[in-house]
Amino acid sequence: MSIAYLNGEFLPLDQARISPLDRGFLFGDGIYEVIPSYGGKLVGFGPHIDRMQEGLGLIEIGLNWSHEQWRTLCEQLCEKNGNGNLGVYLHVSRGADTKRFHAYPEGVTPTVFAFTFEIPAAPVADKSKARAYKVSTTEDLRWRRCNIKSTALLGNVMHFQQGHAAGNNETILYNARKEVTEASACNVFIVKGGEVITPPLDNQLLPGITRLILIDVLKKYTKIPVVERTITLDELYNADEVWITSSSKEIAPVTLVDGKTIGTGDIGDTWLAAETAFAEHRYDY
Ligand code: PDD
C-alpha cells in the first residue's frame, strides 16, 4: 500500500480518513495539482506550486505554505514511495465545517492531502516507443472558470467518459463557436505548415504546466515557431499533427480524431523534434 500524507501525518493510503463534512467531499471545494517525478526528480515543481497558490487565492482558501514546505512534502512522499516514476497528487480542500452551508465558513482548517501513483517512465524521443492516441471531440459543457484547477471535476469526468466509452483515449473540447479549447484532462496543440499552434490562455482552459514548459522549450531550444491563437475544429481535423499534453503524459501524439486520420496517420517529425528538446530540458523547470 502506498504511503499518503494527510494533515501533518504520513500513513498507508487505505488508512487515510476525512470527515464527510469536508467541503472537498460535499462541494468539490478545493484545489489540486499533479506533479510528475522520475527517480525522485520533480518536473515543473515551481510553476505547479505557483498555479496551486494562485488557485487557492482565487477561491480564498488561506493556506500559506511556502514552496519549500511543498517541496519537502513532495520529496518525502516520493522517497517513502520508492522514488520511481510517480505522479504526485496534492489536494487542498477548504476543510470540514460543522454543517452543510454554501458560503465559505470562517475558522475552518484546510485539509491537506497528498499521495503518489505510478506513471509511465519519462517519455523518450523515439517514434517506435511512443503511443499514438485516438480521441473524439465534443462541445465543452463545463463551467466558465476552467482556468481554476478545481477538485470539482464532474464536467471533466463526464467528457472523458464520453470519449472512453467510444473507445478513445481522450476527448477534445470545443466551444459554441467551434473553437478548440482543451481536452478533458489535457491541453491541445496542432502543427500546421511548420508552426506549432495552441489556444491562448483564458477562462476556457487550464494553464497547463506541460503546455508552459513545452512552449518555453520550443522557443528557447528549437527554431520551430510557436503561436498562441484560436484553433477551429476544422483546423484540428486538417492539422499535420495533433498533440495533447499533461503532466502524466507529457507530449502525446494523436493520430486519429473522430475516426479521421491526422496528417499521414503516423507520429510526426515535429513531435519528434519537440519531444527531443523537452526530454533534454524537462528537469530545468
Ligand atoms: N490534468 N487541462 C485539464 C482540464 C487538465 O485536467 C490538465 C491536467 C491539463 C494539463 O495540465 P498540466 O500540464 O499542468 O498537467 C489541461 C491532470 C494531470 C489530472 O487531472 O490528472
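A residue is taken to be near a molecule when one of its heavy atoms lies within 4 Å of that molecule. The structure is a predicted model, in which local features need pLDDT of at least 70 and side-chain atom pairs count only at pLDDT 80 or more, whereas totals for chains, interfaces and linings use all residues. Residues are numbered from 1 along each chain as its sequence is written, and side-chain values rest on heavy atoms, with hydrogens and water left out.

Around the ligand there are 20 residues, of which Y32, E182, I209, T210 and S247 come nearest. This shell divides into 7 nonpolar, 9 polar and 4 charged residues, where Ala, Val, Leu, Ile, Met, Phe, Trp, Tyr, Cys and Pro count as nonpolar, Asp, Glu, Lys and Arg as charged, and the others, Gly among them, as polar. Domain 1 (3-118) and domain 2 (133-281), with bounds from an automatic or database domain assignment, both contribute residues to the shell, so the ligand lies between them.

Polar contacts, defined as pairs of N or O atoms within 3.5 Å, are found with the side chains of two residues and the backbone of a third. A nitrogen atom of the ligand is 2.6 Å from an N or O atom in the side chain of E182, while an oxygen atom of the ligand is 2.9 Å from such an atom in the side chain of R51. At A185, a polar backbone atom is 3.3 Å from a nitrogen atom of the ligand.

Conventions
Polar contact = N/O pair within 3.5 Å; in protein donor to acceptor, adjacent residues only side chain to side chain.
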